[in-house]
Amino acid sequence: MASRPHRRIPASLVAFTSAVLLVLAPASGSQGDKEPVYRDCVKQCSRTNCTGARLRGFESAQPPYMALTGWTCRDDCRYQCMWTTVRLYQAEGYGVPQFHGKWPFVRFLCFEEPASALASLLNGLACLLMLLRYRSAVPRQCPMYHTITAFSLVSLNAWFWSTVFHTRDTYLTEFVTLCSALQKMDYFCASAVILYSIYLCCVRTLGLRRPGVSSMVGVLLILAFTSHVSYLTFVSFDYGYNMAANATIGIINLLWWLCWCWHHRRALPYWWKCGVVVLLLHGLALLELLDFPPLFWVLDAHAVWHLSTVPVHFLFYSFLIDDSLHLLNTEKIGVKLE
């Protein structure tokens, strides 16, 4: 959320909601969409352009891809008024505000956040490509084959919803909550990927020798995910809690994989691939902390983060292929799996 300007704002940009309310109800809006100039602009635009003959003219002239992705006349008013407000801020020398929890982005076709949508799509394509490569390189009888395939499908699902969310975020309500159904899917699927990565690590480190242990851990992870989703859906969509929960499971995932890498650093020559991947993924996530206004109104920290993770898929699946083939060869010669 953008910080409040310290100088006095002109009459057209007054009446910010107090900082206390922002802290207590962070999902109710952002600095830009709370501005009277923005709200008055949306109301006036909606009254003028979104009724009667003007509305029918808007709908008849609207490209099919815009209609299919749910862009309405009122949404178009919000988009135009957002830029009106941004220009007023910049004319007065203030920083760029956020609107409905997001930075302003130039819309490309039907894409609300074109760079993040493209980055999510590229991650999904990289994941799909490497899954196909894994399935062609590793026989189905490999002990980790089905677990890794399931992990890939969970990841693909997450990148699909991330692409959809960054393409078009439809708000459930205007004033009660910022979080949309698509945003929830994006967040929940991301949590599912981390939890399944923990399960993948559990199977690799314990489950090959003690299948019952990995089954118990799997049940616990499913219960944890169900509780997490239920709380955020039916009790309160708490952004702070969601971030803390994902950070916690992320650290567990990081430490467990790094411990495995350290333990096998002399026995397995490809161990470093796994170590580099987990360190890169958690290190690159720090890009989110930058949170700068988008460059050229397209590229923000979130998009940079997603773009930077695309090459990581290739290294991770290279590790998975090497490790799966190692396990298969070990099983064939009757050596105890580890």
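# Getting to know the contacts in this predicted model

Q: In this predicted model, is Trp-83 buried or exposed?
A: Let's start with the number: the relative accessibility of Trp-83 is 11%. A residue counts as buried under 20% and as exposed over 50%. Because 11% falls under the first cut-off, Trp-83 is buried.

Q: How many aromatic pairs does the structure hold, and how many residues apart in sequence are Trp-83 and Trp-297?
A: The structure holds 16 aromatic pairs. One of them joins Trp-83 and Trp-297 edge-to-face, with 5.0 Å from centre to centre and 80 degrees between the planes. Trp-83 belongs to helix 5 (residues 73–91), while Trp-297 sits in the loop between helix 11 (271–284) and helix 12 (301–308), so the pair ties together parts whose separation in sequence is 214 residues.

Q: Is Trp-297 buried, partly exposed or exposed?
A: Buried residues are under 20% and exposed ones over 50%, with partly exposed in between. Trp-297 has a relative accessibility of 23%. That value lies between the two cut-offs, so Trp-297 is partly exposed.

Q: Which helices are linked by the pair of Trp-260 and Phe-319?
A: These two rings meet edge-to-face, at 5.6 Å centre to centre and with 75 degrees between the planes. The pair links distant parts of the chain, 59 residues apart. Trp-260 is in residues 239–263 and Phe-319 in residues 310–332, which are helix 10 and helix 13.

Q: What is the relative accessible area of Phe-319, a member of an aromatic cluster?
A: One aromatic cluster includes Phe-151, Tyr-196, Trp-257, Trp-260 and Phe-319. Trp-260 is buried at 3% relative accessibility. Phe-319 is buried too, and its relative accessible area is 1%.

Q: Which helix gives the most residues to the largest nonpolar core?
A: This core has 34 residues, and those that touch the most other members are Tyr-134, Met-144, Leu-200, Phe-319 and Leu-320. Elements giving two or more residues to this core include helix 6 (114–137), helix 7 (145–167) and helix 8. The element that gives the most, with seven residues, is helix 13.

Q: How many residues are in the other core, the one that includes Cys-45 and Tyr-79?
A: Leu-200, from the largest core, touches Met-144, Phe-151, Trp-257 and Leu-320, among others, when residues up to four places away in sequence are not counted. Apart from that core lies another, with Cys-45, Tyr-79, Met-82 and Val-86 among its members. Its size in residues is 12.

Q: Which residue lies over the face of Trp-262?
A: Two arginines can be placed over tryptophan rings here. Arg-107 lies over the face of Trp-71, at 4.6 Å from the ring centre. For Trp-262, the distance from the ring centre is 3.7 Å and the residue is Arg-265.

Q: How many residues apart are the salt-bridge partners Asp-323 and Arg-204?
A: A search of the whole structure finds six salt bridges. In the one between Asp-323 and Arg-204, the closest N and O atoms are 2.5 Å apart. Asp-323 is in helix 13 and Arg-204 in helix 8, so the link joins distant parts of the chain, with a separation in residues of 119.

Q: Which partner of Asp-323 is buried with a relative accessible area of 1%?
A: Asp-323 itself is buried, at 5% relative accessible area. Its salt-bridge partner is also buried, at 1%. That partner is Arg-204.

Q: Asp-322 and Lys-273 form a salt bridge; which of the two is partly exposed?
A: Their closest N and O atoms are 2.7 Å apart. Asp-322 lies in helix 13 and Lys-273 in helix 11, so this pair ties together parts that are 49 residues apart in sequence. Lys-273 counts as buried at 14% relative accessibility. The partly exposed one, at 25%, is Asp-322.

Q: Which residues make up the network of salt bridges that includes Glu-112?
A: Glu-112 meets Lys-102 in a salt bridge of 4.0 Å, N to O. Both lie in the loop between helix 5 and helix 6, 10 residues apart in sequence. The linked residues are Lys-102, Glu-112 and Glu-113.

Q: Where does Ser-191 lie?
A: Ser-191 is buried, with a relative accessible area of 1%. Leaving aside neighbours within four places in sequence, Ser-191 contacts residues including Phe-225, His-228 and Asn-242. Its element spans residues 181–207, which is helix 8.

Conventions
Residues are numbered from 1 along each chain as its sequence is written. This is a predicted model: local features need pLDDT of at least 70, side-chain atom pairs count only at pLDDT 80 or more; totals for chains, interfaces and linings use all residues. Side-chain values use heavy atoms; hydrogens and water are left out. Helices (H or I, at least four residues) and strands (E, at least two) are DSSP runs, numbered from the N terminus. Buried means under 20% relative accessible area, exposed over 50%, partly exposed in between (1.4 Å probe, protein chains only). Contact means heavy atoms within 4.5 Å. Rings of Phe, Tyr and Trp (its six-membered ring) pair if their centres lie within 6.5 Å; planes under 30 degrees apart count as stacked, over 60 as edge-to-face and the rest as tilted. A charge sits over a ring if NZ of Lys or CZ of Arg is within 6 Å of the ring centre and within 35 degrees of the ring normal. A nonpolar core is a set of buried Ala, Val, Leu, Ile, Met, Phe, Trp, Tyr and Cys residues joined through side-chain atoms within 4.5 Å. A salt bridge is a side-chain nitrogen of Lys or Arg within 4 Å of a carboxyl oxygen of Asp or Glu.
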